[in-house]
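Please work through the following exercises with the sequence and the model at hand, and attempt each task before reading its solution.

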Amino acid sequence: MKSIPKGLLHSRQQLIHEYQELQKIDRSIYSREKKSSNHRAENRYRDVIPYESTRVKMQYPTKYTVDGYINASFVSPDGSDVHRYIASQGPLENTVGAFWQCVLEEIFLHDKIVVNVIMLTELKEGNHEKCFDYIKNIERDVPQAMHDVFNVDFDQVKFSGLQTLNEGGIELREFVVTTTGGQEKIARHVWVRRWPDFGVPSRLSDNNEYVIKYLSDADSKAGVSRNEVSSVVHCSAGVGRSGTYIAMDWYYNEVFQKQDKEMESRDDVVFSCVANLRKSRVMMVQRFEQYEYLYHALRDFYGSDEGL
């Protein structure tokens with residue numbers, strides 16, 4: 001057992017105050033940041049538009065995107081320029097190709113060995129679509145996008161079978177991409193189930209900690225460093241659940257695992273992380289319940305020597 005840092009032991013009243021301050025910061029940033037207004041058909045929600053300063057801009061002109069646009073943002077939990085996370089909306093039927101192009105540009109154009117695609121939403125909740133079912137044709141769409149964007153052969157991507165983890169709460173699909181230079185890179189699609197929109201997972205069905213540790217261990221065993229890993233994270237809007245997961249993943253890998261005592265000792269470590277995320281994309285860690293859950297989840301890292 002490891003002692004829980006004081007910065008994670010804030011009272012509920014403190015958390016309420018912090019969240020209210022984050023809301024003020026969010027409104028201030030949103031009011032002054034430039035946003036694109038020409039892509040209504042590519043945006044799932046009218047009030048979640050990426051900032052021009054941080055949005056992902058496609059590097060290759062293709063049939064999949066309008067002016068290289070996708071509703072996705074580079075986000076940084078620690079405020080640095082290190083490129084590790086992209087937060088994206090869940091693909092619409094007409095943006096599936098653009099989404100895979102975004103993932104493939106991470107593989108081909110950036111110095112990454114592993115790209116994790118983290119899906120945190122169900123396809124539908126009630127009668128409302130939360131994400132188009134882009135998974136069912138993954139073995140067709142990924143090679144097609146590779147061919148269309150980078151003009152590489154269809155056989156340069158190899159898929160492994162579906163794995164279910166943690167009693168069916170996680171679906172893992174993995175494929176290996178061979179770049180034009182002959183380098184093999186790993187892409188994983190990880191579907192984290194049972195996390196309702198605007199809410200938090202129940203304690204009995206929380207798969208987030210399992211996924212974060214599983215992927216971290218897999219990368220370590222493969223000899224892949226943190227700087228060689230990129231994560232494209234989406235829920236439905238790409239803000240609430242996505243922001244919460246990214247904050248958890250960052251803390252586990254950059255603070256807990258590295259035993260960063262200076263960062264652990266900071267009273268505002270969680271507040272600053274979420275504030276940094278909101279500087280990059282509106283409403284990250286959207287609801288108070290998600291902010292409160294984040295504190296509880298981070299405390300759980302200290303519950304055993306393994307962290308999870």
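**Exercise 1.** Leaving aside neighbours within four places in sequence, which residues is tyrosine 291 in contact with?

*Solution.* This is a predicted model, in which local features need pLDDT of at least 70 and side-chain atom pairs count only at pLDDT 80 or more, whereas totals for chains, interfaces and linings use all residues. Residues are numbered from 1 along each chain as its sequence is written, and side-chain values use heavy atoms, with hydrogens and water left out. Taking contact as heavy atoms within 4.5 Å, tyrosine 291 meets Leu15, Glu18, Tyr19, Leu22, Val270, Phe271, Val274 and Val285.

**Exercise 2.** Place Tyr291 in the largest nonpolar core, and find which element supplies the largest share of this core.

*Solution.* A nonpolar core is a set of buried (under 20% relative accessible area, 1.4 Å probe, protein chains only) Ala, Val, Leu, Ile, Met, Phe, Trp, Tyr and Cys residues joined through side-chain atoms within 4.5 Å. The largest one has 54 residues, of which Tyr245, Tyr251, Val270 and Tyr291 touch the most other members. Its largest share, 9 residues, comes from α5. Another core, of 35 residues, lies apart from it and includes Leu104 and Phe150.

**Exercise 3.** Is aspartate 197 buried or exposed, and what does aspartate 197 touch beyond four places in sequence?

*Solution.* Aspartate 197 counts as buried because its relative accessibility is 16%, and its contacts, not counting residues up to four places away, are Glu125, Lys130, Ser236 and Arg241. Proline 196, by comparison, is partly exposed (between 20% and 50%), with a relative accessible area of 35%, and under the corresponding sequence exclusion proline 196 is in contact with Glu125 and Arg241.

Technical notes: Helices (H or I, at least four residues) and strands (E, at least two) are DSSP runs, numbered from the N terminus.
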